[in-house]
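Visitor: I have some questions about the terms used for this structure. Please set each value against its cut-off before you conclude anything.

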Amino acid sequence: MLKRVIPSSGEMLPVVRLGTWQTFNVGSAHHGELAQVLASLYQAGGRLIDSSPMYGKAEEVVGTLTAQLRREPDFFYATKVWTTGLQAGITQLDASFRKMKRDVMDLVQIHNLLDWQTHLPQLRKGKEAGTIRYIGLTHYQDSSHDALLRIMEREPVDFVQFNYSLFNRHAEERLLPRAAELGVATLINRPFGEGSFFRKLAGKPLPAWATEQGIASWAEFILTYIISHPAVTCVIPANGSAAHAVANAKAGSGFQPDEPIRRKMADFIQTL
């Protein structure tokens with residue numbers, strides 16, 4: 001799988017990772033299938049697993065299943081702080097470490113910028129102490145992009161996570177270019193609009209020029225476009241299917257369009 005650099009460290013990160021929103025908030029009856037998702041992600045070259053206290057049982061399920069796979073050190077674990085108040089944030093993060101069975105968390109982000117002024121100094125303390133490797137910020141709406149930009153420009157962070165897709169290219173205007181200039185790694189959420197994009201594409205065939213390049217599905221078409229932006233570090237589609245995990249990972253190891261083809265992809269979507 002293609003890898004991109006984390007600018008603050010030089011570490012390389014595979015470009016497709018696993019989101020756990022909704023799909024990992026399940027009981028033990030679904031653990032077998034989700035273990036296959038994680039195994040398939042690993043075999044395809046993916047490493048980063050993104051979770052949050054907001055996602056119900058997801059952190060605990062991730063911790064349980066990665067331990068069962070005996071691959072705990074091989075994954076890149078990301079979670080978030082999603083609460084208000086210093087002590088509440090400390091308590092919540094301690095619980096996340098415990099649920100995900102981590103002594104060191106690879107990445108901790110402030111979920112949807114909630115009380116970020118309180119949590120960011122505390123995350124820096126964790127980074128200085130060596131219990132957190134990277135710190136960052138997240139949001140999922142276009143209206144948050146200006147706020148993310150303002151904070152990035154005055155507060156040193158390693159990662160910023162936000163929404164970006166072939167159907168919603170707002171981040172191309174300022175956020176992606178500025179992140180590249182500042183040396184901030186980018187994580188892309190909502191690549192499929194929580195499934196709404198597939199409903200728009202239902203029954204519509206892929207263009208012949210895309211299939212000729214080996215693109216086999218609309219999911220791969222969308223992810224390929226996102227990954228091909230040079231300022232994108234990693235994209236995080238959520239899924240609960242091993243087959244979907246393999247298909248999504250293929251976008252990180254297959255055809256990578258140049259700028260003229262990217263424009264062709266965007267123009268084609270506008271015609272649908």
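Visitor: What makes the contact between the side chains of E259 and R262 a salt bridge?

Guide: In this predicted model, the N to O distance between E259 and R262 is 3.4 Å. The cut-off is a side-chain nitrogen of Lys or Arg within 4 Å of a carboxyl oxygen of Asp or Glu, so the pair qualifies.

Visitor: Where do E259 and R262 lie?

Guide: Both lie in helix α11, three residues apart, which is about one turn of the helix. An α-helix has 3.6 residues a turn, so residues three or four places apart point the same way.

Visitor: Why is E259 called partly exposed?

Guide: E259 has a relative accessible area of 44%. Buried means under 20% and exposed means over 50%, so E259 falls in between.

Visitor: Is R262 buried or exposed, and how do you know?

Guide: R262 has 4% relative accessibility. The limit for buried is under 20%, so R262 counts as buried.

Visitor: What other salt bridge does R262 form?

Guide: R262 forms one with E172, where the closest N and O atoms are 3.3 Å apart. That distance is within 4 Å, so the rule is met. E172 sits in the loop between β8 (159-163) and α6 (175-182), and R262 sits in helix α11 (residues 259-270), so the pair ties together parts that are 90 residues apart in sequence.

Visitor: What makes R169, E172, E259 and R262 one network?

Guide: They are joined by salt bridges that share partners. R262 shows this, since E259 meets R262 and E172 also forms a salt bridge with R262.

Visitor: How many salt bridges are there by this rule?

Guide: The count comes to twelve. One of them is between K250 and E220, at 2.9 Å from N to O. This pair links distant parts of the chain, with K250 in helix α10 (residues 242-250) and E220 in helix α9, 30 residues apart.

Visitor: How do K250 and E220 stand on the burial scale?

Guide: K250 has a relative accessible area of 35%, which lies between 20% and 50%, so K250 is partly exposed. E220 has 4%, which is under 20%, so E220 is buried.

Visitor: Why is α9 called mostly covered?

Guide: Ten of its ten residues are buried. Among them are W218, E220, F221 and Y225.

Visitor: What does helix α9 give to the largest nonpolar core?

Guide: The largest nonpolar core has 71 residues. Helix α9 (residues 218-227) gives the most to this core, with eight residues. Nonpolar side chains in soluble globular proteins tend to be buried together.

Visitor: Which residues have the most contacts inside the core?

Guide: They are F24, L123, M152, F162, Y164 and F221. Leaving aside neighbours within four places in sequence, F221 is in contact with L166, L206, P207, W209, A210, I215, M265 and I269. Another core, of eleven residues, lies apart from the largest one and includes I6, L13, L107 and L187.

Visitor: How do you know that β6 and β7 pair?

Guide: Strand β6 (residues 105-110) and β7 share five bridges. Pairing needs at least two bridges, so these strands pair, and they do so in the parallel sense. One of the bridges puts Q109 opposite its partner G136 in β7.

Visitor: What connects β6 to β7?

Guide: The chain crosses from β6 through helix α4 (residues 116-129) to β7, and this β-α-β crossover is right-handed.

Visitor: What does β7 do with β8?

Guide: β7 and β8 pair in the parallel sense over three bridges. The bridge partner of G136 in β8 is F159. Together with helix α5 (residues 145-154), β7 and β8 make a right-handed β-α-β unit.

Visitor: What makes strand β7 mostly covered?

Guide: Six of the seven residues in strand β7 (residues 132-138) are buried.

Visitor: Which strands are called edge strands, and why?

Guide: Eight strands form an open sheet with parallel pairing, in the order β3-β4-β5-β6-β7-β8-β9-β10. β3 (18-19) and β10 (234-235) are the edge strands: each pairs on one side only.

How values were computed: Residues numbered from 1 in each chain as written. Predicted model: local features only at pLDDT ≥ 70, side-chain atom pairs only at ≥ 80, totals over all residues. Heavy atoms only, no water. Core = buried A, V, L, I, M, F, W, Y, C linked by side-chain atoms within 4.5 Å. Buried < 20%, exposed > 50% of the residue type's maximum accessible area, 1.4 Å probe, protein only. Helix = DSSP H or I, 4+ residues; strand = E, 2+ residues; numbered from the N terminus. Contact = heavy atoms within 4.5 Å. Right-handed = clockwise from strand over helix to strand, strands pointing away.
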